[in-house]
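Student: Please take one part of this model and go through it closely, then connect it to the rest of the chain. I would like to begin with the pockets.

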Amino acid sequence: MSFDRKIKIAPSILSADFADFGREIRAVEDQGADWVHVDVMDGHFVPNITFGPPAVAAFRKHVTTVMDVHLMIAPVDPYIEAFARAGADIITAHVEAGPHIHRTLQAIRGTGARAGVALNPGTPADAVEHLLDLADLICVMTVNPGFGGQRFIDMTAKVRRLRQMIGDRPVHIEIDGGVDPSTAPQLAAAGADVLVAGSAVFRGGSVSNSAPYGDNIRAIRAAAQAAVA
Ligand code: DX5
Ligand code: ZN
């Protein structure tokens, strides 16, 4: 996995058909997804429950791009090894999920996976100031985590500030929540390079009619790229 700042679209399979993950993953990849975003929720850190390491290991068999695993769980540390073994390329943990995010990022890198750190909308950019050399990705939540299809919360100023703090470091800025062709441009212009999108990718399509996934991915990418060109 090499580093670049080109716009990458990461469909969140939270909006996929839960009875057909394998075909959904292959469909979005065939339709141009750069990464596949996997939302792990525990019903404790966030008010929703999704899937654990065995499901993620099953997804891995279908992902040929990058499997980007977003852990919305607390505690995180006892499960890092299991998600790494499940084949996550990137494991992202929340700053708010415990008192030792520094140790968590070290542990993630210790497994050989890339380490991401996520910030809820109410958490300032400064929370990651001392973590920038330990992180491969900063995930800026633009909804309160827990559900797909929520209304976008504007975090453009936070993204701009993070971009400045990151400087030349090879650290991605990922946006998660409410990304669509209307919200993507301001985020890309502010310095985001990975755009997670659930409802805006899966809407209008299905595994047997996946062309809309491609149209949706291209529309988000084009809007974002136009803003950085
Ligand atoms: C929210 C998840 C997101 C979610 C995004 O807690 O982390 O990845 O699936 O969904 P949309 O794009 O529908 O807001
Ligand atoms: Zn997510």
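Tutor: By class, the residues that line the second largest pocket are 4 nonpolar, 2 polar and 4 charged. The model is predicted, and the pocket in question holds about 150 Å³ of space. Its lining consists of Met1, Ser2, Asp4, Lys6, Ile7, Lys8, Asp34, Trp35, Val66 and His172.

His172 leads from this pocket into strand β7, which spans residues 172-176. In β7, 5 of 5 residues are buried. Burial holds on both faces of the strand: His172, Glu174 and Asp176 are on one side, and Ile173 and Ile175 are on the other.

β7 has pairing partners in β6 and β8. With β6 (residues 137-141), β7 pairs in the parallel sense over 5 bridges. One of the positions to look at there is Cys139, whose bridge partner in β7 is Glu174. With β8, the pairing of β7 is again parallel, over 3 bridges. Here Ile175 of β7 stands opposite Leu195 in β8. The chain passes from β7 through helix α6 (residues 184-190) to β8, and this β-α-β crossover is right-handed. A right-handed β-α-β unit is also formed by β6, helix α5 (residues 156-166) and β7.

Asp176, on the face of β7 that also carries His172 and Glu174, is one of the residues touched by His70. His70 belongs to strand β3 (residues 67-72). Its relative accessibility is 1%, so His70 counts as buried. Leaving aside residues up to four places away in sequence, the contacts of His70 are His37, Val38, Asp39, Val40, Thr92, His94, Ala118, Met141 and Asp176.

Val38, Asp39 and Val40 are also among the residues that Phe51 touches. Phe51 lies in the loop between β2 and α2 (53-60). With a relative accessible area of 10%, below the 20% limit, Phe51 is buried. Beyond four places in sequence, Phe51 touches Ile13, Phe18, Phe21, Val38, Asp39, Val40, Val56 and Phe59. Phe51 and Val38 are 13 residues apart in sequence, and their C-alpha atoms are 9.1 Å apart.

The strands β2 and β8 come up again at the largest pocket. Its volume is about 280 Å³, and 25 residues line it. Gly148, Gly149, Gly177, Gly178 and Gly198 lie nearest the centre of this pocket. The elements that supply two or more residues to the lining are β2 (36-41), β8 (194-197) and α7 (199-202). By class, the lining of the largest pocket has 11 nonpolar, 10 polar and 4 charged residues.

One further point concerns the backbone after β3. Pro75 is in the loop between β3 and α3 (80-85). The peptide bond that joins Ala74 and Pro75 is cis, with omega at about -5 degrees. Most peptide bonds are trans.

Notes: Residues numbered from 1 in each chain as written. Chains lettered and ligands numbered in written order. Predicted model: local features only at pLDDT ≥ 70, side-chain atom pairs only at ≥ 80, totals over all residues. Heavy atoms only, no water. Helix = DSSP H or I, 4+ residues; strand = E, 2+ residues; numbered from the N terminus. Buried < 20%, exposed > 50% of the residue type's maximum accessible area, 1.4 Å probe, protein only. Contact = heavy atoms within 4.5 Å. 1 Å grid on protein atoms, 1.4 Å probe; cavity = no way out; pocket = protein on both sides within 12 Å on 5 of 7 lines; lining within 4 Å. Points joined across faces, edges and corners; volume = space filled by probe spheres on them. Nonpolar A, V, L, I, M, F, W, Y, C, P; charged D, E, K, R; others polar. Pairing = 2+ DSSP bridges. Right-handed = clockwise from strand over helix to strand, strands pointing away.
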